[in-house]
Amino acid sequence: AAAVCYFCYCINVDFSSVLFPDDTYTYCDDYFSTYSTSVLFNFLSLIVTTVINLALFPMMKFLTDFEMHQTADTYNLSYGIKMFVTLLVNTGLVPILSYMDWDTEGILHIFFGGCIK
């Protein structure tokens with residue numbers, strides 16, 4: 001219960017106490033540093049995912065150019081399938097797997113009963 005009260009108090013404190021340190025800042029110092037680190041890493045993960053997604057377009061075009069397609073339709077279909085799969089994995093599966101609670105036991109529990117933090 002004390003941790004909940006600590007969290008509720010510190011989340012309602014104005015961030016001006018970070019700029020102008022006082023007793024509130026020293027009490028909520030750990031909360032502010034943990035929260036700011038969490039926000040920073042979430043922002044960085046968005047940036048990395050976006051950069052990788054942008055890099056996938058020329059990479060998949062380069063790989064599709066090596067295939068010997070007889071028509072433009074098969075070329076576009078191959079390129080579209082490659083982009084769909086890589087973007088699905090990068091923006092869909094990677095965040096799910098990175099935020100999954102891996103402390104659970106058993107492989108079936110991970111896929112059918114694992115908690116996401």
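**Close-ups of an all-helix predicted model**

A search of the whole structure turns up 1 aromatic pair. That pair is Phe-62 with Phe-66, in an edge-to-face arrangement. Keep in mind throughout that this is a predicted model.

**View 1. Phe-62 and Phe-66, the aromatic pair.** The ring centres sit 4.9 Å apart, and the planes make an angle of 85°. Edge-to-face calls for planes over 60 degrees apart, so 85° qualifies. Are these two rings buried or exposed? Phe-62 has a relative accessible area of 51%, so it counts as exposed, the cut-off being over 50%. Phe-66 is exposed too, at 58% relative accessibility.

**View 2. Helix α4, end to end.** This helix covers residues 29-65, which makes 37 residues. At 1.5 Å a residue it should span 54 Å, and its end C-alpha atoms are indeed 54 Å apart, so expectation and model agree. Phe-62, from the aromatic pair, falls within the residue range of α4.

**View 3. The kink in α4.** Where does the helix bend? Look at Leu-56, where there is a kink of about 30°. The proline Pro-58 follows shortly after. Leu-56 is also one of the buried residues of α4.

**View 4. Buried side of the story in α4.** Besides Leu-56, the buried residues here include Tyr-31, Phe-32 and Asn-53, along with Met-60 and Thr-64. Asn-53 turns up again in the next view, as a contact of Asn-90.

**View 5. Asn-90 and its neighbours.** Asn-90 belongs to helix α5, residues 72-99. With a relative accessible area of 11%, Asn-90 is buried, because the cut-off is under 20%. Leaving aside residues up to four places away in sequence, it touches Thr-49, Ile-52, Asn-53 and Pro-95. What lies 3.5 Å from a polar atom of the Asn-90 side chain? It's the backbone oxygen of Thr-49.

**View 6. Zooming back out to the protein chain.** The chain has 6 helices and 0 strands, so to speak α-α-α-α-α-α when read along the sequence. Of its 117 residues, 15% are buried. The accessible surface is about 9100 Å², with 73% of that belonging to carbon and sulfur atoms. For contacts between residues at least 6 apart in sequence, 27% link residues at least 24 apart.

Key: Residues numbered from 1 in each chain as written. Predicted model: local features only at pLDDT ≥ 70, side-chain atom pairs only at ≥ 80, totals over all residues. Heavy atoms only, no water. Helix = DSSP H or I, 4+ residues; strand = E, 2+ residues; numbered from the N terminus. Buried < 20%, exposed > 50% of the residue type's maximum accessible area, 1.4 Å probe, protein only. Contact = heavy atoms within 4.5 Å. Areas by Shrake-Rupley, 256 points an atom, 1.4 Å probe, with all protein chains shown as cover. Expected span 1.5 Å × (residues − 1). Bend = angle between axes of the 7 residues up to and from the residue. Polar contact = N/O pair within 3.5 Å; in protein donor to acceptor, adjacent residues only side chain to side chain. Phe/Tyr/Trp six-rings, centres within 6.5 Å; stacked < 30°, edge-to-face > 60°.
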